[in-house]
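The following exercises are to be worked through with the sequence and the coordinates at hand. Each consists of a task and a stepwise solution.

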Amino acid sequence: MISIMESCLQNLDTKIKCREIIIKQLYSLIGIQDEPMPHSIFIYGHVATGKSLVILHLLKYLRYNFSIVNCIEHVNNKHIFEYILNDLIPNPISNPSLAANIASPKCDNIVTFITKLQLISKYDKRPIVIVLDKCMYMRDTDNYLLPVFLRLKELSNINVCTIFVSNVVWEKCYTQIGLFEPIKIHCAQYTREEVLDILLSYKPKDYSGTIYKNYLNLFLSVFYRFCRDLNELRYMAKINFNKYIEPIKSGLVKEDDVSGLWRNISTTLISNLEVIYLRVSTEDFVQHNHVSKEIESTAKLALSFELPFYAKYILIAAYLASYNPPKEDKAIFMKLSSKKKKKISRKKTTTNIQSGPRSFPISRLLAIFCTILDEKVDVNAILLAQIPTMYQLGLLASIDDNNLDEPKLKCCVNYNFVSIIAKTVGMNIKDYLFNPE
């Protein structure tokens, strides 16, 4: 057993750094195929601590039959059940018998779900692992869903294990008492040395490890105290490195002159610390001093709202509906064959951003929302309930309240505000605006 575990660690160490303890704990629980797996495992820790990454690579290494579900993307039980079954059903070519018995993964209830799981296990003898990532969002779905997955092995009588992945502790993930307790594994935050080791693996090819390590030490001396999110640190380290090496390229400072390089980069690093979670750089805002200060205050305001994922897209859609002519919607949101959004060029006309927001019907808002989201989502009561909340926050305003059939709305935020919100979800708002220049 020890030699097999060491082989697993050696294989995964090239892909996952600084997570040996977590890999060993997980392997000891599910890594031996001849032994039954535990009912459920609960892995919790801060964002970007390698929880999902460890699970994914370990399950691929073990070659188990597994499904990884992001709970934030599914609004009801039916979606979750069908997504899992679709992952677990093997290729019809490799297993035609199972394909014939399970014509489709459609599933409306827990009884059907368990029955199909048993059928999959009958034809595919591999252990089954179901990973529920961001499981804390299951509190917003059916109250019986969490207890079912906790006892799925007992209910189905097959070798299946449910792994819950969460950013919060177990006590904050459930709304009922007396639930079956899973095995808990804590994924601690990376230490400064571990962060340095991981970031070194993203070293640019054209520079030596010594130069990049010196840069990372300076970078972490500013950022690590205030941010432990590895994804954000990696992004900010990447965009600030070009500024760091500017005096080296120009020949003003030598590579080993750490103090000279620090004097060049310190102001930039401290400024970018203000917008670290916005996935932007102060370089984006360097025009005039008063404009830069105004945008910086807008950035802080936008971040303070902490809007939910779908609410951000609703706000972006509302802005686009307010400033884009309705007749241009089809052209602006048309997809190219490469499935990338087409940036529309037009003859010079009056800039719509300067002409003020126009009112729009809620049907147009939802149409744009579904287009820019670029994924299938049910427009249900839970989603629509976010619009009145945005009224209260002053982000949207209702126009023509007398029209009960289809009220009209208006977006109340400016371009700088919505641009920052769009960048947090990886969008460039200019690509969706009619004549943005």
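**Exercise 1. A loop phenylalanine**

Task: Determine whether F180 is buried, partly exposed or exposed, and describe its surroundings.

Solution. The structure is a predicted model.
- Step 1: The relative accessible area of F180 is 27%. Buried requires under 20% and exposed over 50%, with partly exposed in between, and F180 is therefore partly exposed.
- Step 2: F180 lies in the loop that joins strand 4 (160–166) to strand 5 (183–187).
- Step 3: Beyond its neighbours within four places in sequence, F180 is in contact with H39, S40, L150, R151 and W170.
- Step 4: P147 is 33 residues away from F180 in sequence, and the C-alpha atoms of the two are 7.2 Å apart.

**Exercise 2. The chain as a whole**

Task: State how many helices and strands the protein chain has, what percentage of its residues count as buried, and what share of its contacts with a separation of 6 or more joins residues 24 or more positions apart.

Solution.
- Step 1: The secondary structure comprises 19 helices and eight strands.
- Step 2: The chain has 437 residues, of which 45% count as buried.
- Step 3: Among contacts with a separation of 6 or more, 72% are between residues 24 or more positions apart.

**Exercise 3. Two residues with positive phi**

Task: A48 and R63 are residues other than glycine with positive phi. Locate each and decide whether it is buried or exposed.

Solution.
- Step 1: Phi of A48 is near 60°. A48 belongs to the loop between strand 1 (40–45) and helix 3 (51–62).
- Step 2: The relative accessibility of A48 is 18%, so A48 counts as buried.
- Step 3: Phi of R63 is likewise near 60°, and R63 sits in the loop between helix 3 and strand 2 (65–70).
- Step 4: The relative accessibility of R63 is 66%, so R63 counts as exposed.

**Exercise 4. A pair of packed helices**

Task: Classify the relative orientation of helix 4 and helix 6, and characterise their contact by residue class.

Solution.
- Step 1: Helix 4 (residues 77–88) packs against helix 6 (residues 110–123) at an angle of about 10°, and their axes are 11 Å apart.
- Step 2: Angles under 35 degrees count as roughly parallel, and helix 4 and helix 6 are therefore roughly parallel to each other.
- Step 3: Helix 4 contributes F81, I84, L85 and L88 to the contact, while helix 6 contributes I110, F113, K116, L117 and I120.
- Step 4: By class, this contact of helix 4 with helix 6 holds eight nonpolar residues, one charged residue and no polar residues.

**Exercise 5. The buried face of a helix**

Task: Identify the buried residues of helix 9, their arrangement about the helix axis, and helices that cover them.

Solution.
- Step 1: In helix 9 (residues 192–200), the buried residues are V195, L196, I198 and L199.
- Step 2: Viewed down the axis of helix 9, these buried residues fall within an arc of 165°, so they line one face of the helix.
- Step 3: The cover over the buried residues of helix 9 includes helix 10 (209–223) and helix 11 (230–250).

**Exercise 6. Buried residues in a strand and in helices**

Task: Place V131, R364 and Y27 in the secondary structure, and give the relative accessibility of each.

Solution.
- Step 1: V131 is part of strand 3 (residues 128–133). The relative accessible area of V131 is 2%, and V131 is buried.
- Step 2: Residues up to four places away in sequence aside, V131 touches I55, L59, S67, I68, V69, I163 and V165. I55 is 76 residues from V131 along the chain, with a C-alpha separation of 8.3 Å.
- Step 3: R364 belongs to helix 16 (residues 362–373) and counts as buried at 10% relative accessibility.
- Step 4: With residues up to four places away in sequence not counted, R364 touches L320, A321, N324, P325, P326 and D329.
- Step 5: Y27 is in helix 2 (residues 20–30) and counts as buried at 4% relative accessibility. Y27 and L9 are 18 residues apart in sequence, with their C-alpha atoms 9.5 Å apart.

**Exercise 7. The ends of helix 19**

Task: Explain which residue caps the N-terminal end of helix 19 and which residue follows the helix.

Solution.
- Step 1: N414 caps the N-terminal end of helix 19, with a side-chain oxygen 3.4 Å from the backbone nitrogen of N416.
- Step 2: Within helix 19 (residues 415–424), the buried residues are F417, V418, S419, I420, I421 and A422.
- Step 3: G426 follows helix 19 and has a positive phi, near 80°.

How values were computed:
Residues numbered from 1 in each chain as written. Predicted model: local features only at pLDDT ≥ 70, side-chain atom pairs only at ≥ 80, totals over all residues. Heavy atoms only, no water. Buried < 20%, exposed > 50% of the residue type's maximum accessible area, 1.4 Å probe, protein only. Helix = DSSP H or I, 4+ residues; strand = E, 2+ residues; numbered from the N terminus. Polar contact = N/O pair within 3.5 Å; in protein donor to acceptor, adjacent residues only side chain to side chain. Axes fitted to C-alpha atoms, helices over the stretch in contact; angles between N-to-C directions. Parallel < 35°, antiparallel > 145°, perpendicular 65-115°, else oblique. Contact = heavy atoms within 4.5 Å. Nonpolar A, V, L, I, M, F, W, Y, C, P; charged D, E, K, R; others polar. Arc of directions from axis to C-beta.
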